[in-house]
Structure formats: structure tokens, C-alpha cells
Amino acid sequence: MKLKNPLIAVESIERSVEFYRSVLGLRKTMDLGANVTLTGGLSLQSIETWKDFIGTDNIVLGANCGEIYFEEDDFDSFAQRLKGFDIDYVHPVKEHRWGQRVVRFYDPDKHIIEVGESLKAVALRFFESGMSKEQVAQRIDIPLTLVNKYIK
């Protein structure tokens, strides 16, 4: 068994492709009309064909029951750039207890998008602030071997 692609139903393929391109920098890798795959493997399916595939009109967008997760090494630049878009936020930038900064917002069809600072960037940020590798591992709650991999 091999996971291929996450797929989400969208009201407008064109609107969603433009959103993911402009906000997250994703590009089309395959365009089959009613189905488009973007860099990273995210597939967008038109809601009309999705209804036909699963045999029901009972589609609920914006149910807040999951998210599409991305990581960004240069989180500060991304968060600043995000301010240039008309974004409907789930919440603004916040820091989790382990030190990772994240922001969550909705795409045009109310799917939750999370962009988190990569753990490597978190480790480097803490290490550059003066923490030892051991302190970084303890603060982020990751193995020291992983911190050593991140901080060479």
C-alpha cells in the first residue's frame, strides 16, 4: 500500500489553483480539467465530479475536521508576505509549547491550511539564541540525534 496524493473537493479549480499558487507558491504538475495536481502532491477535484464519484450531493466544505499542513524554513518572511493577501484566518501566528510557530487560515473552500515553521528552523533559532544542543532537544521535545542532524 502506498499513499499517493491527498485530494480535496473545490468549488472552482481555477480559483483554487490561483490561491495555492499566489499564497503558497504551488504550481500545477498535472491538469486533467476536473482534477489538478499541484507541486507537493495536493490534488484538487471539482466538487461536481466529486459528487458524482461518491454518489451524493451531501458535501460539507469547511467542517474544520482536518488540515493541509505545510512547513516553511523562512517563517518570518512567509508570515509577513501572508499579510499582503485577503486571508480568512483560523488564528494568527502563534507559538506552540514546543516552540514551533504556526499560522492557520482557510483556502477559498474553507479547507484549513496550516503553515508551520520547520522543526529544523526552530532548532536553529533556539541554538542561535544561545541554547545548547541538549537544551534545544529538551525545549522542542525531540531526540538529541535529530538536533545534531539539524545543527551541523
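## Exercises on a predicted fold

His96 touches Val102 and Arg104, when residues up to four places away in sequence are not counted; contact here means heavy atoms within 4.5 Å. The model is predicted, and local features need pLDDT of at least 70, side-chain atom pairs count only at pLDDT 80 or more, and totals for chains, interfaces and linings use all residues. Residues are numbered from 1 along each chain as its sequence is written, and side-chain values use heavy atoms, with hydrogens and water left out.

**Exercise 1.** Establish where His96 is found, and decide whether it is buried or exposed.

*Solution.* Begin with the elements: helices (H or I, at least four residues) and strands (E, at least two) are DSSP runs, numbered from the N terminus. On this basis His96 is found in the loop between strand S6 (89-95) and strand S7 (101-106). Next, take the relative accessible area, for which buried means under 20%, exposed over 50%, and partly exposed in between (1.4 Å probe, protein chains only). His96 has 15%, and therefore counts as buried.

**Exercise 2.** Describe the overall make-up of the protein, starting from its helices and strands.

*Solution.* There are six helices and eight strands, and from the N terminus on they run β-α-β-β-β-α-β-α-β-β-β-α-α-α. The C-alpha trace spans about 55 × 40 × 25 Å along its principal axes. Of the 152 residues, 41% are buried.

**Exercise 3.** Work out how strands S2 and S3 are joined, and which residue of their hairpin takes a positive phi.

*Solution.* Two strands pair if DSSP finds at least two bridges between them. Strand S2 (residues 28-31) and strand S3 (residues 35-38) run antiparallel and are joined by three bridges, one of which sets Lys28 opposite its partner Leu38. The hairpin has three residues between the strands, and Gly33 takes a positive phi near 85°.

**Exercise 4.** Find which element gives the largest share of the largest nonpolar core, and trace the contacts of Tyr20.

*Solution.* A nonpolar core is a set of buried Ala, Val, Leu, Ile, Met, Phe, Trp, Tyr and Cys residues joined through side-chain atoms within 4.5 Å. The largest has 24 residues, and those touching the most other members are Tyr20, Leu24, Leu38, Leu44, Phe105, Ile113 and Val115. Two or more residues come from each of strand S1 (7-10), helix H1 (13-24), S3, strand S5 (67-72), helix H3 (75-82), S7 and strand S8 (112-117). H1 gives the largest share, six residues. Leaving aside neighbours within four places in sequence, the contacts of Tyr20 include Ile8, Leu38, Ile68, Asp107 and Ile113. A second, separate core of ten residues includes Phe126, Val136, Ala137 and Ile142.

**Exercise 5.** Compare Lys110 and Asp141 by phi, place and accessibility.

*Solution.* Most residues other than glycine have a negative phi. Lys110 nevertheless has a positive phi near 70°, and Asp141 has one of about 65°. As to place, Lys110 is in the loop between S7 and S8, whereas Asp141 is in the loop between helix H5 (133-140) and helix H6 (144-150). With a relative accessible area of 36%, Lys110 is partly exposed; with 60%, Asp141 is exposed.

**Exercise 6.** Locate Thr49 and state how far it is from Asn35 in sequence and in space.

*Solution.* Thr49 lies in helix H2 (residues 47-54) and, at 23% relative accessibility, counts as partly exposed. Thr49 and Asn35 are 14 residues apart in sequence, and 8.8 Å apart in space, C-alpha to C-alpha.
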